[in-house]
Amino acid sequence: MKKLVYILTIFFSNILLAGYPQDDSVVNVTLNTQTEVDHLRLRESIGNLIIASEGVDQITDLSLLESISQIKGNVYIINNSELETLVGLDSILVNGDVYIVGNKNLTTIPGGVFNGELKDVVVRNNKLLRYVDGFENVESIRNLTIENNDVLNDLNAFSSLKEITGYIRIVGNKELEYFRPFANISHFEGELTVKNNVNLHEAVGLYTLYNMSSNPEISNNSVYTSDPENMKLVFMGTGDLRFYRQEEIDAFGKCYPKDSFVGDIIIDRSNITNLDGLKVLKEIDGKMIIKRNDKLESVNGLSNLESINHLIISFNKSLSDLKGLEKLSKVKRDVVIYRNTDLKDASSISEDIILGGKLVIKGNPRLVR
């Protein structure tokens, strides 16, 4: 292992030194042990910074690097198995690449660490990394790679990012859910690869990038972030939604950014047990059909719904009440509650509801009105 780290350090050093013009005022810093960190003569400006632990004296604390305010070259933070945070690197202007790779116990990149127009940004194989707040002031990146960070939850730290001039690669981040900040990017024309992020729900930022990309590859993410048509439907808030599985409704609740939807919502012959993912909706400019869902136990997911064009709830064997429809105050056409064999209570439908059509409640054998 020691030999491998040494080889990697020499390799990166050679790359960095070859890529950066040297002069007497520029010092490149390579740190392999905590002792070297502790005895570093501090400077405000350096050339390249390599932090790559070697041997038993693993680097754990970067607080003595706090006086560095500018890195004229590149930053490599690689294979530091005991480093948990980058506290100590604070508000640094970087003119080159930032590689944060293989730091298996790194949990946070604290806010505001990196500034400037960065070149290649690579955050890869940091198994416990949950937050990347250190990029929140960065407006421009050449290439961005976020890959195989097992517990990384969101990329919201890139909310100031306005342009990516090269490629984007977001791959294999098992817990990544949110993609929102990329909706603010005004310039991106490169290749887009987003795949194997199995919990990725938020589609708005992703759809923005998809439409800009010269060569998009999107696959094996969750339901609304694998299919361009699904992404468009969620982004535009218009179309026809058909739900067949519980995970589809759950994902919709996490990723849909509006409180209204234009189009029909159909839940027919599904294994769905609840509609909680639809609590985001106040208005549906279309019809909702909920029928033949044998496992559906509740419509409480409609608890914020105030207005709809047409509502049909029928042939749902396990539905015992209509709790969740209390706020429904306006229906342009009909409300039909029909042949729900276990329905005992329909009192959640207000007597003051404004109907453009009829209220039809019949064929529910256990209902006492």
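1. A first residue to look at is S298, which counts as partly exposed because its relative accessibility is 22%, where buried means under 20% relative accessible area, exposed over 50%, and partly exposed in between, with a 1.4 Å probe and protein chains only. S298 is found in the loop between β19 (283–291) and β20 (307–314); helices (H or I, at least four residues) and strands (E, at least two) are DSSP runs, numbered from the N terminus.

2. Before going further, the reader should know that this is a predicted model, in which local features need pLDDT of at least 70 and side-chain atom pairs count only at pLDDT 80 or more, while totals for chains, interfaces and linings use all residues. Residues are numbered from 1 along each chain as its sequence is written, and side-chain values use heavy atoms, with hydrogens and water left out.

3. Which residues does S298 touch, not counting residues up to four places away in sequence? They are T273, N274, L275 and L319, where contact means heavy atoms within 4.5 Å. A polar atom of the S298 side chain also lies 2.9 Å from the backbone nitrogen of N300. By contrast, S298 and N105 are 193 residues apart along the chain, and their C-alpha atoms are separated by 43 Å.

4. As for the overall form, the C-alpha trace of the protein chain spans about 90 × 40 × 30 Å along its principal axes. The radius of gyration of the protein chain is 27 Å, whereas a compact globule of 369 residues would have one near 21 Å; this radius is taken over C-alpha atoms, and the globule rule is 2.2 Å times the number of residues to the power 0.38. The protein chain has five helices and 24 strands.

5. Of the 369 residues of the protein chain, 49% count as buried. The accessible surface comes to about 16600 Å², and 46% of it belongs to carbon and sulfur atoms, with areas taken from the Shrake-Rupley method with a 1.4 Å probe and, for residues, only the protein chains shown counting as cover. Among contacts between residues at least 6 apart in sequence, 45% join residues at least 24 apart.

6. Strand β19, which precedes the loop of S298, deserves a paragraph for its pairings, given that two strands pair if DSSP finds at least two bridges between them. β19 and β20 run parallel and are joined by seven bridges, with I284 opposite I308 in β20. Strand β17 (residues 260–262) also runs parallel to β19, over three bridges, and V262 stands opposite D285 there.

7. Strand β18 (residues 265–268) pairs with β19 in the parallel sense over four bridges; I265 stands opposite M288, and I266 has I289 as its bridge partner in β19. I266 is in addition the bridge partner of R242, and strand β16 (residues 241–243) pairs with β18 in the parallel sense over three bridges. What covers the two faces of β18: are their residues buried or exposed? Both faces are covered, with I265 and I267 buried on one side and I266 and D268 buried on the other. In a regular strand the side chains alternate between the two faces of the sheet.

8. Elsewhere, an open sheet of four strands has the order β2-β4-β6-β8, with parallel pairing. Its edge strands are β2 (45–46) and β8 (114–115), each of which pairs on one side only. β2 pairs with strand β4 (residues 70–71) in the parallel sense over two bridges, and S45 has Q70 as its bridge partner in β4.

9. The largest nonpolar core has 96 residues, and those with the most contacts inside it are F114, F135, F158, F182, F243, L275 and L322; such a core is a set of buried Ala, Val, Leu, Ile, Met, Phe, Trp, Tyr and Cys residues joined through side-chain atoms within 4.5 Å. Helix α5 (residues 246–255) gives the largest share of this core, four residues. A second, separate core of seven residues includes Y76, I78, Y99 and V122. Among the residues that F114 touches, not counting those up to four places away in sequence, are I92, V94, F135 and V138.

10. Finally, in helix α3 (residues 204–212) the residues V204, G205, L206, Y207, T208 and L209 are buried. The cover over the buried residues of α3 includes β12 (168–171), β13 (187–188), β14 (191–195), β15 (215–219) and α4 (228–236).

Definitions and conventions:
Polar contact = N/O pair within 3.5 Å; in protein donor to acceptor, adjacent residues only side chain to side chain.
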